[in-house]
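Let's take a walk through this one together, starting from a single spot and working outwards. Keep the viewer open as you read.

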Amino acid sequence: MPAMIARRLRRCTQLAALFPKCPQSRLFSSFASAPPRPSSRVLSPSYPSQLTRGICVIFPKHLFSTSTDSVPSTSDKSTFERLYIHGATQTQTKPEMDRVVCDEDNGEKWEGNSGKETETNPVKEKDVEMEMSGLEKEAWWLLNRSAVNYCGSPVGTVAANDPGLCNQMQNYDQVFIRDFVPSAIAFLLKGEGEIVRNFLLHTLQLQSWEKTVDCYSPGQGLMPASFKVRTVPLDGNSEAFEEVLDPDFGESAIGRVAPVDSGLWWIILLRAYGKITGDYALQERIDVQTGIRLILNLCLSDGFDMFPTLLVTDGSCMIDRRMGIHGHPLEIQALFYSALRCAREMITINDGSQNLVRAVSNRLTALSFHIRQYYWVDMRKINEIYRYKTEEYSHDAINKFNIYPDQIPSWLVNWIPERGGYLIGNVQPAHMDFRFFSLGNLWAIVSSLTTERQAEGILNLIDEKWDDLVANMPLKICYPALEYDEWRIITGSDPKNTSWSYHNGGSWPTLLWQFTLACIKMGRQDLAYRALEVAEKRLSNDKWPEYYDTRSGRFIGKQSHLYQTWTIAGFLVSKMLLRNPELASILICEEDLELLEGCACGLSKSARTKCSRKAAQSQVLV
């Protein structure tokens, strides 16, 4: 036993070196005073940096001192609020107080360990100064309540914290990369960066894990879709336990699909963290730079594709079930472009990175031209497609993808407004997916993947088609829904993605924060306020659902989890951004005219190597 303790102490020293801002007392005092809860372990088998292996061990306190100095007393209100209520928990003690109960009017109240109801949860003085509404206070309480602790520090938030489904949460009790992004932005805007820093570093460690499905391993740079903190016995010792991070790279997911968007979101969040905290040293760390390069190498690797867009399978992003988005879905392209822009800012320039930076710049140029030219539709473009000639075999073909005019759906002819347009969902040979996908269009605005005129057109379309895309709850994940035979063929008769439900035309409140970002960038805060007003009327009373069903979003989703974390976080981010619009700059990318000067192909009169620089530049002025 003494030898094992000494070994664990040495590993704690390694962990203390890994997180220099984390007080060593938080690592070592656990041996003398921790409550009888599990220990924590960080495992990373082969990462090429200082992030190798570290262990923070907590043994049952009866083996050591009976001191309780490190456990905060609930009678010390200021300490307790700082450590527990506001998500900065430094111990693994959880008082019996955090559960939500309903009163006679279905209103939410917080019940303490004495059984007495309290009207509000404690808030910080700065929260009072910000004049937060009762709805915001409730949302913050719920968001902090969803925090996940690992090795004595917060590392993320669970996807949902529905007390009515404790035994039916499936993977909703895990920390998802994409789901945590709005939570991270909320914490950053509030000045609480520790949880975001911990999240970035721990997920970076998981990037190096071996990922194998049926004897095949994907690329090195793949980030996990999610991870879970699990408790296991420590080296077979029944007297001590440890916590391990258990990642899912898609090998446990429905359909076994790799999460293409996880690495892209990680890069976007890393840039946002640096811009709002000023902690640029994190970006410059060797292990972080290595992680960025691994993701970029995976995305920029050569393949058989003729286009600059990323080729992915169904279910590789927020729409993680079969919905007919395989190929080059807009959501992935918008996140890809944004991640390339962010990475280009953060990569340390040296002899070893010059080729990578050049490849990123070339890809950005080609991708922006491709999306602006081939994904954009408005009344004029649809009329052009309607008159397309087909079977054009030449380098100068107008109908480059051999799109048949009969593909134009009947609903679109009467739906597209005279004022406005949007980026369609997918473009492939002989196929255009004309559905409107909200996330892809909104993030294309945020990242300046669209031209200014196109960005204005997208918001104009949302304004014109408010009853279709917002109605009783913002925002439709896609429009319109697949119905009848189309639903059966494309989704495989998926009972969760029935018409106007879940990914198939459901309304997702979490998209509110991205809509707000896009509106702020284009100076259309009026639309964001309008959408927020719609959401505020229902979210709390409906217990913060994951999504809403029906064409107008009137019903809570039939399989929707309640107290969905990114619904809560999305609402808070929207409120904070509208209160301080200048903070939107941490996520927004302005148009970079230098990218349009950097041509990816050589200048030539040959049609086979035709330069797209002039065409790309002309798109800025359109």
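Before anything else, a cut-off: a residue is called buried when its relative accessible area is under 20%, exposed when it is over 50%, and partly exposed in between. Bear in mind too that this is a predicted model.

With that cut-off in hand, go to Ser447. Is Ser447 buried or exposed? Its relative accessible area is 0%, so Ser447 is buried. You'll find Ser447 in the loop that links helix H16 (438–446) to helix H17 (452–464). A polar atom of the Ser447 side chain sits 2.8 Å from the backbone oxygen of Trp443. If you skip the neighbours within four places in sequence, the residues in contact with Ser447 are Ala334, Tyr337, Ser338, Arg341 and Cys589.

Two of the names we just met lead further in. Trp443 turns up again in the largest nonpolar core, which has 159 residues. Along with Ile185, Trp266, Leu296, Tyr422 and Phe515, Trp443 is listed as having the most contacts inside that core. Which helix gives the most to this core? That would be helix H12 (residues 330–346), with 11 residues. For a look at one of the well-connected members, pick Leu296: not counting residues up to four places away in sequence, Leu296 touches Ile267, Leu340, Ala343, Ile347, Leu356 and Val360.

The other name to follow is Cys589, and it raises the matter of disulfides. A disulfide is a covalent bond between the sulfur atoms of two cysteines. How many disulfides does the structure hold? The count is 0. For Cys589, the nearest cysteine sulfur belongs to Cys342 and is 4.6 Å away, and Cys589 is in no disulfide. The cut-off for a disulfide is a pair of cysteine sulfur atoms within 2.5 Å. Cys589 has 1% relative accessibility, so Cys589 counts as buried. Cys519 is buried as well, its relative accessible area being 0%.

Now zoom out for a moment. The protein has 24 helices and 16 strands. Of its 622 residues, 58% are buried. Take the contacts with a separation of 6 or more: 69% of them are between residues 24 or more positions apart. The accessible surface comes to about 26500 Å², and carbon and sulfur atoms account for 50% of that.

Next, the sheets. Strands of a sheet pair through backbone hydrogen bonds, either parallel or antiparallel. One open sheet is made of 3 strands in the order S8-S9-S10, with antiparallel pairing. Strand S8 (175–176) and strand S10 (237–248) each have a single partner strand, so each stands at an edge with one side left without a neighbour in the sheet. Strand S9 (residues 226–234) runs antiparallel to S10, and 9 bridges join the two. To see the register, find Thr231, which stands opposite Glu243 in S10.

Another open sheet has 4 strands in the order S11-S12-S13-S14, again with antiparallel pairing. Its edge strands are strand S11 (376–378) and strand S14 (478–479), each of which pairs on one side only. Strand S12 (residues 421–428) and strand S13 (residues 431–437) are antiparallel partners over 4 bridges. Val427 has Met432 in S13 as its bridge partner.

Strand S14 is also a handy landmark for some backbone geometry. Leu475 is in the loop between helix H18 (466–469) and S14, and the peptide bond joining Pro474 and Leu475 is cis, with omega at about 10 degrees. On the other side of S14, Pro480 sits in the loop that leads to helix H19 (484–491). A cis peptide bond joins Tyr479 and Pro480, with an omega of about -5 degrees.

Finally, check a couple of phi angles. Thr550 isn't a glycine, yet its phi is positive, at about 80 degrees. Thr550 is in the loop between strand S15 (548–549) and strand S16 (555–556), and with 24% relative accessibility it counts as partly exposed. Tyr563, another residue other than glycine, has a positive phi near 50 degrees. Tyr563 lies in the loop between S16 and helix H22 (565–579). Is Tyr563 buried or partly exposed? At 4% relative accessibility, Tyr563 is buried.

Note on methods. Residues are numbered from 1 along each chain as its sequence is written. This is a predicted model: local features need pLDDT of at least 70, side-chain atom pairs count only at pLDDT 80 or more; totals for chains, interfaces and linings use all residues. Side-chain values use heavy atoms; hydrogens and water are left out. Buried means under 20% relative accessible area, exposed over 50%, partly exposed in between (1.4 Å probe, protein chains only). A polar contact is a pair of N or O atoms within 3.5 Å; within protein, one must be able to donate a hydrogen and the other to accept it, and residues adjacent in sequence count only if both atoms are side-chain atoms. Contact means heavy atoms within 4.5 Å. Two strands pair if DSSP finds at least two bridges between them. Accessible areas come from the Shrake-Rupley method with a 1.4 Å probe; for residues, only the protein chains shown count as cover. A nonpolar core is a set of buried Ala, Val, Leu, Ile, Met, Phe, Trp, Tyr and Cys residues joined through side-chain atoms within 4.5 Å.
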